[in-house]
Amino acid sequence: MAALDGLPPLRDVIQRHGLDARKALGQNFLLDLNLTQKVARTAGSLEGVTVFEVGPGPGGLTRAILALGAAKVIAVERDARCLPALAEIADHYPGRLEVIEGDALKVDFAAMAPPESPVKIIANLPYNVGTQLLVNWLLPDRWPPFWQSLTLMFQKEVGQRIIAGEDDDHYGRLGVLCGWRTKAHMAFDISPQAFTPPPKVTSTVVHLTPRENPIPCAVDKLEKVTQAAFGQRRKMLRQSLKPLGGETLLHKADIDPQRRAETLSVEEFCRLANCL
Ligand code: SAM
């Protein structure tokens with residue numbers, strides 16, 4: 001596909017730099033620049049915004065973000081083979097792309113946030129670290145966080161868990177955490193054929209924005225309650241929450257001990273955590 005930014009087509013870039021996809025790094029590249037632009041547009045206006053991207057790979061999504069006007073992109077990539085391809089993009093957009101070689105799980109993103117411009121995070125996440133990165137971005141004590149939005153691509157099943165609320169089969173610890181601190185929705189699906197190489201499952205783009213005033217609640221207590229409740233999700237709460245106080249805790253929180261984890265709203269989980 002001809003590129004709108006004057007840079008060479010991604011297939012050529014991949015071939016020239018010998019970027020054969022590595023499974024261990026979760027490498028499924030998105031080469032369709034219409035799709036990468038659609039992902040970037042899901043983040044809303046990028047004018048004056050600093051974008052953090054995880055796993056730019058050969059730079060398809062990075063190029064879309066830059067072309068849409070982001071003030072700056074700071075991209076964290078673990079695979080050193082991708083750096084020369086990313087350097088070409090940096091040359092094309094002087095001063096607007098900084099690439100950090102390393103493991104995104106070890107990067108302190110909050111410390112990198114510039115004080116003068118809003119931060120949005122946009123990424124086609126490596127499947128093996130995606131959920132952990134999302135959880136890390138949701139856990140800080142300081143809220144609202146350093147980021148204004150997260151636009152993230154996941155396997156569809158993970159996306160369903162992120163947006164799930166009570167009485168949904170996909171509802172679990174991730175849904176409670178995301179529902180507590182953010183408003184999340186699935187923007188659109190991407191079929192396996194759009195990637196090189198195609199993954200086994202459909203992907204989805206999820207957009208999350210922080211709630212300004214989440215229900216006051218300590219993260220570690222919320223984690224404790226959801227871990228116990230969903231660890232035995234088919235059991236009644238009086239059984240699954242026994243190690244945390246069982247019926248006494250449930251009565252204190254005014255919740256029927258015969259209910260099951262998947263029927264509790266986020267607000268009720270927060271009530272339980274606050275009664276611990
Ligand atoms: N953004 C590119 C795209 O959309 O075509 C590539 C996405 S690919 C699904 C995931 C990328 O994350 C790969 O480039 C991979 O090398 C990188 N990656 C994997 N694990 C990583 C980690 N722990 N930290 C940073 N990057 C990582």
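This report describes the ligand site, the pockets and cavities, and some backbone features of a predicted model.

## The ligand and its surroundings

The ligand sits in the largest pocket. Around the ligand there are 19 residues, and those that come nearest are L30, G55, E77, D103 and N124. By class, this shell holds seven nonpolar, seven polar and five charged residues. Two strands, β1 (residues 29-30) and β3 (residues 72-77), each supply at least two residues of the shell.

## Polar contacts with the ligand

Both side-chain and backbone atoms of the protein take part in the contacts described here. D103, one of the residues that come nearest to the ligand, has a polar side-chain atom 2.8 Å from a nitrogen atom of the ligand. R78 approaches through its backbone: a polar backbone atom of R78 is 3.4 Å from a nitrogen atom of the ligand. At G57, a backbone N or O atom lies 3.4 Å from an oxygen atom of the ligand. Taken alone, the ligand exposes 600 Å², and the protein buries 99% of that area.

## The largest pocket

The pocket that holds the ligand has a volume of about 900 Å³. Its lining is made up of 47 residues, of which G26, Q27, N28, P126 and Y127 are the closest to the centre of the pocket. Several elements give two or more residues to this lining: the strands β1, β2 (residues 50-54), β3 and β6 (residues 149-155), together with the helices α3 (residues 60-67) and α6 (residues 130-138). Strand β6 gives the most, with three residues.

The lining of the largest pocket divides into 25 nonpolar, 15 polar and seven charged residues. Strands β1 and β3 appear in two roles, since they are among the elements that line the pocket and each also supplies at least two residues of the shell around the ligand.

## The cavity

A search of the whole structure finds one cavity of 30 Å³ or more. The largest cavity has a volume of about 30 Å³. The residues that line this cavity are L7, P8, V13, R63, A85, E88 and I89. Helix α4 (residues 83-92) provides the largest share of the lining, with three residues.

In the lining of the largest cavity, five residues are nonpolar, none is polar and two are charged.

## Backbone features in loops

Two cis peptide bonds are described here, each leading into a proline. One joins W143 and P144, with omega about 0 degrees. P144 is found in the loop between helix α6 and strand β6, and both of these elements give residues to the lining of the largest pocket. The other cis bond runs from T196 to P197, with omega near -10 degrees. P197 is placed in the loop between strands β8 (residues 195-196) and β9 (residues 203-210).

D167 has a positive phi, near 65 degrees, although D167 is a residue other than glycine. The place of D167 is in the loop between helices α7 (residues 156-163) and α8 (residues 173-181).

Note on methods
Residues numbered from 1 in each chain as written. Predicted model: local features only at pLDDT ≥ 70, side-chain atom pairs only at ≥ 80, totals over all residues. Heavy atoms only, no water. Near = heavy atom within 4 Å. Polar contact = N/O pair within 3.5 Å; in protein donor to acceptor, adjacent residues only side chain to side chain. Areas by Shrake-Rupley, 256 points an atom, 1.4 Å probe, with all protein chains shown as cover. 1 Å grid on protein atoms, 1.4 Å probe; cavity = no way out; pocket = protein on both sides within 12 Å on 5 of 7 lines; lining within 4 Å. Sits in = over half its atoms within 2 Å of the grid points. Helix = DSSP H or I, 4+ residues; strand = E, 2+ residues; numbered from the N terminus. Nonpolar A, V, L, I, M, F, W, Y, C, P; charged D, E, K, R; others polar. Points joined across faces, edges and corners; volume = space filled by probe spheres on them.
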